[in-house]
Amino acid sequence: MTRIGSASGVSPSKGHTQWSGQSESTDSLAWNPIARVRARFDRWWQSRMPLADSVTLTQRNVYILPTRAGLMLGATLLVLLVASINYQLNLGYLLTFLLAGCAVVAMHVSHANLRGMTLTLGAPDAVFSGATAQFGIKLLNTSKRQRYALGLTVSNAKQWVHTDVAAQGSANVHLAWPATQRGLHPLPTLSVQTLFPLGTFRVWTLWRPAAQLLVYPQPEARPPPLPDDASEAEHGLTRTAPHHHGEPDSFRPYRRGDALKNILWKKAAKTGELVSRDSVAAQQHDLWLDRTLTGLQHTEQQLSRLCAWVLRADQLGLRYGLRLGGHDIAADHGPAHLQRCLRALALA
C-alpha cells in the first residue's frame, strides 16, 4: 500500500496515519452510537488477529453470512412455502425446494471458492508523505478448481479489486491508499471476500499484515538553495581537503556513486569505458545539513526542507551529512546514503 526502501519491523512512529480504509469520521462516530459500538468491536476483533505477511484461509478464519439478496431470497422462499401449504400446490412445493436446494449448494460453493487460498504480501516500498502507497498481494491456488471473483480491499473501504485465480495457479493484485503522515506505520487490515456464484452469501476474511510502511517527509515544493561555500563558517560547512594547484590528477575505473562531474565524458566517448577523475581537486566539500540551517520553527517544516535539500544534494552528486539533534549521519554520497538520510528524517 507507494515505496524508496522496503518497510521492515521496527516500532511504529509516534504519528498515526489515517488510511483510506478508515472511512468513519470523528463526527459520524460522535453522533452515531451504533457506529461507535461497531468501530470498537472492529478494533477489539482486529486486535485479536495475529500479524502475518502470509496467511492460508481455512475454516477457522473464513466467515460466511447471507447478503441482502440472500435474505430476500429466504423471505421469498418462506412466502412460497406458506402459499404452497395453504393452497396445496405441488408445483409450489417443487419450486420452493428447488430454489432452497440451489441456495444451499451456492452456500457451499461460495465458501469453497475462498477456503484454501494462500495470500502473501509483498513488502511495500517507502513513499513520501502525501503520495499514494502501493503494495502487491500474491494469491496462490493449490487446488484443482478455479477460483472466481475474489475481491480485495483495505478493510472498511469501498473500492474493491477483483481477480480470478486459475486452478493450481496464482494471481497478483495491487492495492493503493494515501499515506498522509511521515513515520513508520503498520499496514491497515485487509479484507478478502467473494460473492460467487449467486451473490446470496458473502464469504470473507480479515488479514492483518505484519509489514510496515515507511513514509518520508514531504519535500518542500520550492526550497531555498543549498547553503553555499561563502557561508561555511556561519552554516557549519566543513571542507575535507583544500585544492592545491599543481597536484597531478589520477584516473580510475568508474565506481557506482561517483559524481557525474568527475567522469571523463570525452574519454568515455572514445573508448566506451567510464573513467572517473581521482585527485585532490576532485574532492568536494562535506555539506552538513542541520535543522538550524532551515530558518524555520515548526518541526515538520524543518524536516520537509531538509528532505528537499537531501534530494538536491544527491542529485548534484555532493558529499553531504545530516545532523538531527544528536543523531549524526556521516558525510557520504550514493543511493545507500540517500536512503539512510531519508529514513532518519522519517523517524525523526
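Q: What makes Thr120 the partner of Ser54 in this predicted model?
A: A bridge links the two: Thr120, in strand 3, is the bridge partner of Ser54.

Q: How do you know that strand 1 and strand 3 pair?
A: Pairing needs at least two bridges between two strands. Strand 1 and strand 3 (residues 118-121) have three bridges, in the antiparallel sense, so they count as a pair.

Q: What is the order of the strands in the open sheet of four?
A: Happily, that is short to state: 1-3-5-8, with antiparallel pairing.

Q: Why are strand 1 and strand 8 called edge strands?
A: Strand 1 (54-56) and strand 8 (170-178) each pair on one side only. As for the turn between neighbouring strands of this sheet, it is 20° on average, direction ignored.

Q: Why is Cys307 called buried?
A: The cut-off for buried is under 20% relative accessible area. Cys307 has 0%, so it counts as buried.

Q: What makes Cys341 buried?
A: Its relative accessible area is 0%, and because buried means under 20%, Cys341 qualifies.

Q: How many disulfides does the structure hold?
A: Zero. A disulfide would need a pair of cysteine sulfur atoms within 2.5 Å.

Q: Which residues are closest to the centre of the second largest pocket?
A: This pocket holds about 270 Å³ of space. Of its 15 lining residues, the closest to the centre are Met49, Pro50, Asn61, Tyr63 and Leu206.

Q: Which strand supplies the largest share of that lining?
A: Strand 11, with three residues. Strand 1 also supplies at least two. By class, the lining divides into nine nonpolar, three polar and three charged residues.

Methods. Residues numbered from 1 in each chain as written. Predicted model: local features only at pLDDT ≥ 70, side-chain atom pairs only at ≥ 80, totals over all residues. Heavy atoms only, no water. Buried < 20%, exposed > 50% of the residue type's maximum accessible area, 1.4 Å probe, protein only. Axes fitted to C-alpha atoms, helices over the stretch in contact; angles between N-to-C directions. 1 Å grid on protein atoms, 1.4 Å probe; cavity = no way out; pocket = protein on both sides within 12 Å on 5 of 7 lines; lining within 4 Å. Points joined across faces, edges and corners; volume = space filled by probe spheres on them. Nonpolar A, V, L, I, M, F, W, Y, C, P; charged D, E, K, R; others polar.
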